[in-house]
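Dear colleague,

I am handing over the structure below, together with an account of what was found in it. Please have it open beside this message as you read.

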Amino acid sequence: MDTAYLAAATGLLWLALYYLPVGSPLFRLALPLPLALLQLRHGWRCAVEGQAVACLLAVALMGPIRGPLLLFPYGLLALWLGWCWRRKLNWWLSWSVGSLIGAAGFLVRVAVLSVLVGENLWVVITTAAAGLLERLAGLVDLVSAIDLAQVQVAALLLVLVQNAIVVLTLHAVAYWIFPRLQAPISEPPAALRALVALDPL
């Protein structure tokens with residue numbers, strides 16, 4: 001029953017992320033948590049089954065292209081975090097690898113959606129990175145021209161930093177909520193304890 005309910009919750013959150021005009025940041029944070037909780041409670045096999053059910057539900061509701069995108073990065077991230085939390089691994093490991101999984105999944109989604117809309121969406125990201133670099137250069141009075149390689153590196157760094165923040169927030173939310181569901185995760189390292197010591201619930 002847990003597999004069916006938590007997989008359905010994941011599929012519906014994915015649907016809401018695409019079609020509801022509000023709540024997108026909350027849906028992004030909530031998406032990996034049901035399957036990670038499933039893995040904490042019942043192990044790897046149930047988590048993979050739940051992932052398959054959630055993807056099938058997403059395909060039925062959203063079609064054969066957008067449905068499987070649930071895997072990138074949210075599905076893979078849920079499996080990774082659930083695996084780490086079940087084994088009580090150090091947050092530094094789950095956070096760093098999770099950030100890389102999130103960034104890689106984001107790039108996969110950008111590539112697929114670029115094909116769907118017939119336009120290179122990476123240009124939008126690099127334009128934002130170029131604007132950020134120009135503002136930073138203006139703050140420190142640098143007038144040298146910004147080349148394409150610097151813009152690409154800045155865009156990749158922006159994606160990585162964004163995903164690092166999201167994955168750390170997922171750790172904090174799971175640390176606060178999962179013990180109430182009888183599925184506690186590992187304790188945070190001393191350097192991060194101050195960030196999650198205040199329980200908002």
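In what order do the elements of the protein run from the N terminus on? The answer is α-α-α-α-α-α-α-α-α, and the count is accordingly nine helices and zero strands. Please bear in mind throughout that this is a predicted model.

As to overall dimensions, the C-alpha trace spans about 60 × 45 × 25 Å along its principal axes, and 42% of the 201 residues of the protein count as buried. If one takes the contacts between residues at least 6 apart in sequence, 71% of them join residues that are at least 24 apart.

Next, the largest pocket. Its volume is about 490 Å³, and its lining is made up of 25 residues, with Arg28, Tyr74, Phe106, Arg109 and Gln162 lying nearest the centre. The elements that contribute two or more residues to this lining are helix H1 (2–19), helix H2 (24–30), helix H5 (74–86), helix H6 (91–117), helix H7 (122–139) and helix H8 (148–177). Which of the elements gives the most to the lining of the largest pocket? That is H8, which supplies seven residues. In chemical character, the lining residues divide into 18 nonpolar, five polar and two charged.

Arg109, one of the residues nearest the centre of the largest pocket, is found in helix H6 and deserves a separate look. This arginine is buried and yet has no salt bridge, the nearest side chain of opposite charge being that of Glu119, 16 Å away. Once neighbours within four places in sequence are left aside, the contacts of Arg109 are with Trp14, Arg28, Leu69, Phe72, Pro73 and Tyr74. Two of these partners, Arg28 and Tyr74, are also named among the residues nearest the pocket centre, while two others, Phe72 and Pro73, are joined to each other by a cis peptide bond, with omega at about 0 degrees. Pro73 itself lies in the loop between helix H4 (44–62) and H5.

The backbone has two further points to check. Most residues other than glycine have a negative phi, and most peptide bonds are trans. Against that background, Lys88, which is not a glycine, has a positive phi of about 55 degrees; this lysine lies in the loop between H5 and H6 and counts as partly exposed, because its relative accessibility is 46%. Gln182, again a residue other than glycine, likewise has a positive phi, near 55 degrees; its place is in the loop between H8 and helix H9 (190–196), and with a relative accessible area of 69% Gln182 is exposed.

Finally, is Thr10, in helix H1, buried or exposed? Thr10 counts as buried, because its relative accessibility is 2%, whereas the cut-off for that class is under 20%. Not counting residues up to four places away in sequence, Thr10 touches Leu31, Pro34, Leu35, Ala54 and Leu70.

When you go through the model, I would suggest beginning with the surroundings of Arg109, where the pocket centre and the cis bond between Phe72 and Pro73 can be viewed together with the contacts of this buried arginine, and then turning to Lys88 and Gln182 for the positive phi values.

With best regards

Methods
Residues numbered from 1 in each chain as written. Predicted model: local features only at pLDDT ≥ 70, side-chain atom pairs only at ≥ 80, totals over all residues. Heavy atoms only, no water. 1 Å grid on protein atoms, 1.4 Å probe; cavity = no way out; pocket = protein on both sides within 12 Å on 5 of 7 lines; lining within 4 Å. Points joined across faces, edges and corners; volume = space filled by probe spheres on them. Helix = DSSP H or I, 4+ residues; strand = E, 2+ residues; numbered from the N terminus. Nonpolar A, V, L, I, M, F, W, Y, C, P; charged D, E, K, R; others polar. Buried < 20%, exposed > 50% of the residue type's maximum accessible area, 1.4 Å probe, protein only. Lys, Arg positive; Asp, Glu negative; His and termini not counted. Salt bridge = Lys/Arg side-chain N within 4 Å of Asp/Glu carboxyl O. Contact = heavy atoms within 4.5 Å.
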